[in-house]
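The following note sets out points for a colleague who is examining this entry. The points move from the chain as a whole to single residues.

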Amino acid sequence: MALLKALRTNPLECWTKAHFEEPIVLGGFPFMRYAVVSDPAAIRKILIDDQSAYRKSTIERRVLRSRMPNGLVTVDGKQWGRLRRTLAPLFGRIMTAGFAPAMGGVAADVVERWQNLADGAVVEIKAEMSRVALEALVGCIFSEGLGDPKAVCDATTRYYATCGGLDPFDILGLPDFVPRFTRLGVQQVLRDFYEALNAAIAERRRSLAAEPNAPRDMLGAMLAAKDPQTGEHMTEAEVRDNVITFIFGGQETTSSALTWAIYLLSQSREWRERVASEADAVIGSPVQNALGALVQTRAVVEEALRLYPPIIGITRTALRRTELAGRTIDRGTMVVISPYVVHRHRLLWRDPDVFDPTRFLPERSKTIERYTFLPFGVGPRMCIGAALAVQEATIVLAALTRRFVLESVPGQAVWPVIDFTMKPRDGLRMSVTARLSRAESRAAE
Ligand code: HEM
């Protein structure tokens, strides 16, 4: 009962010492067995070599299916293969780099907003970063905007409030037609948002028909995209569900990553200075070139993703009896790979709880074993937006650290909870002080 309660309120509190010390820990309820797997060879087996023996966990599918039935995260089998092939080019190197200026623009907007605050003013970082991440995504998907940004932001915030912990009915495996009380009202919350989305898609179809050179943002690319194997376009429902998937999959995760990166920097004067000096040195170069030069900033982002991975569980269901890390796994067992546990595992990392971004500097990062760092998962179902998210977090973190000293408000307890992603329970209040005077800022432009 206590475990069910913790799963519902803060799944992070379910981990015990053994999870961080053993390669595999088995457990469960009378109605469901689970295995928490941290052994790198076993992780590789589940997510790559033997992936056909597992399917995305039914819990995950139940939670998401009602919201985005045709989204890449939710679908399986042939439909997943077709969608992944069709959508892959949208997240390729060229498209991703092409979004850097839009992300730089979003970072410049928040810098400008904060510059108008009095020195020492307190801001709530998680809310600010949610706005930044949403604006960046909307900028990448709809370069012409998506209605009132505040209304969109409010709709997504209310939506997330309904999908934090796991619904006990999902854990128990009750069928979809049994109403989930924790999710009542979700459709109502989303109605306006869906309407704005449908209107934007219809409008874009019209403008593409009239003007083939209409904007090459993600929406345009999605409407034009074809499966390279069959030449098929995506259906209307697939386009809409995947726009929603990208917004919901990308906003909370990236904003949580940025929030933790800002928090960690506030605890290390040395790294704050390293990031700020790096940003000073590369500012003025075109954003794309600057990005390659922001190696220290990127290392901080990756170290934040290690210590506070926004998604703490990658779950699969075993489709047949198998063996992992020397233990027998029964058919139907839920296999959990937790980036949080793996990234802080005593057998896999030296000083796992210490903030040390040098782990991710170019030379040292080559020694990191692939299956010990997986904030985005690994294998065919790895996060499609990984490069986009790291690029955005790096650009925004550099821009903010260059201009401001952000300090955690004294006496504030920063406690991570799972509320869809891992975030600080009561938000993160920080004081904002200009690092450069206005005259220095102008001179540095
Ligand atoms: C820091 C930010 C992010 C983190 C930590 C993150 C993490 C993850 C993880 C752990 C998975 C699941 C892997 C699995 O089950 O095997 C995933 C899948 C996915 N992510 Fe992300 N993600 C982030 C940002 C984004 C962004 C920006 C987008 C899109 C714009 C996105 C879109 C998706 C999609 C569509 C999938 C499903 C892929 C598939 O099943 O083929 N994510 N992500």
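1. Of the 445 residues in the protein chain, 53% are buried. The model is a predicted one, and the values below are to be read accordingly. The exposed surface of the protein chain comes to about 19,800 Å², of which carbon and sulfur atoms supply 55%.

2. The secondary structure of the protein chain consists of 20 helices and 12 strands. Among contacts with a separation of 6 or more, 74% are between residues 24 or more positions apart.

3. One open sheet is formed by three strands in the order 4-12-9, with antiparallel pairing. Strand 4 (121-124) and strand 9 (404-408) each have a single partner strand and stand at the edges, so one side of each lacks a neighbour in the sheet. On average, and with direction ignored, neighbouring strands of this sheet are turned by 35 degrees against each other.

4. Within this sheet, strand 9 and strand 12 (residues 429-434) are joined by five bridges in the antiparallel sense. Glutamate 407 has serine 431 of strand 12 as its bridge partner. Helix 19 (residues 386-403) packs on the sheet and touches both strand 9 and strand 12. The direction of helix 19 makes about 95 degrees with that of strand 9. Helix 8 (residues 125-141) lies across strand 4 and strand 12, and runs at about 60 degrees to strand 4.

5. Serine 431 merits separate mention. This residue is located in strand 12, and its relative accessibility of 16% places it among the buried residues, because the limit for that class is under 20%. Neighbours within four places in sequence aside, serine 431 is in contact with Gly120, Ala121, Val122, Val405, Leu406, Glu407 and Val409. Ala121 and Val122 fall within strand 4 (121-124), and Val405, Leu406 and Glu407 fall within strand 9 (404-408).

6. Strand 8 (residues 334-337) is covered on both faces: Met334 and Val336 on one side, and Val335 and Ile337 on the other, are all buried. In general, side chains of a regular strand alternate between the two faces of the sheet. Strand 2 (residues 32-37) runs parallel to strand 8 and is joined to it by three bridges, whereas strand 5 (residues 314-318) runs antiparallel to strand 8 and is joined to it by four bridges. Valine 335 in strand 8 stands opposite alanine 35, and valine 335 is also the bridge partner of arginine 316.

7. Which protein atom is the donor of the iron atom of the ligand? The only protein donor is the SG atom of Cys383, at 2.3 Å. Cysteine 383 is found in the loop between helix 18 (362-365) and helix 19. Helix 19 is also the helix that packs on the sheet through strand 9 and strand 12.

8. Is glutamate 303 buried or exposed? Glutamate 303, a residue of helix 16 (residues 295-307), has 0% relative accessibility and therefore counts as buried. A polar atom of the glutamate 303 side chain lies 2.7 Å from the backbone nitrogen of aspartate 356. With neighbours within four places in sequence left aside, the contacts of glutamate 303 are Val354, Phe355, Asp356, Pro357, Arg359 and Phe360.

9. Leucine 87 belongs to helix 5 (residues 77-87) and is likewise buried, at 0% relative accessibility. Its C-alpha atom is separated by 8.8 Å from that of alanine 221, although the two residues are 134 residues apart along the chain. Neighbours within four places in sequence aside, leucine 87 is in contact with Leu72, Met222, Met234, Asn242, Phe246 and Ile384.

10. Two residues other than glycine deserve a check of their backbone angles. Alanine 325 has a positive phi near 45 degrees; alanine 325 lies in the loop between strand 6 (322-324) and strand 7 (327-329) and is partly exposed, with a relative accessible area of 31%. Aspartate 351 has a positive phi of about 45 degrees. The place of aspartate 351 is the loop between helix 17 (339-343) and helix 18, and its relative accessible area of 49% makes it partly exposed.

How values were computed
Residues are numbered from 1 along each chain as its sequence is written. This is a predicted model: local features need pLDDT of at least 70, side-chain atom pairs count only at pLDDT 80 or more; totals for chains, interfaces and linings use all residues. Side-chain values use heavy atoms; hydrogens and water are left out. Buried means under 20% relative accessible area, exposed over 50%, partly exposed in between (1.4 Å probe, protein chains only). Contact means heavy atoms within 4.5 Å. Accessible areas come from the Shrake-Rupley method with a 1.4 Å probe; for residues, only the protein chains shown count as cover. Two strands pair if DSSP finds at least two bridges between them. Axes are lines fitted to C-alpha atoms, for helices over the stretch in contact, and angles run from 0 to 180 degrees between N-to-C directions. Donors are N, O and S atoms within 2.8 Å of the metal (3.2 Å for Na, K and Ca); water is not among the atoms, so sites may look incomplete. A polar contact is a pair of N or O atoms within 3.5 Å; within protein, one must be able to donate a hydrogen and the other to accept it, and residues adjacent in sequence count only if both atoms are side-chain atoms.
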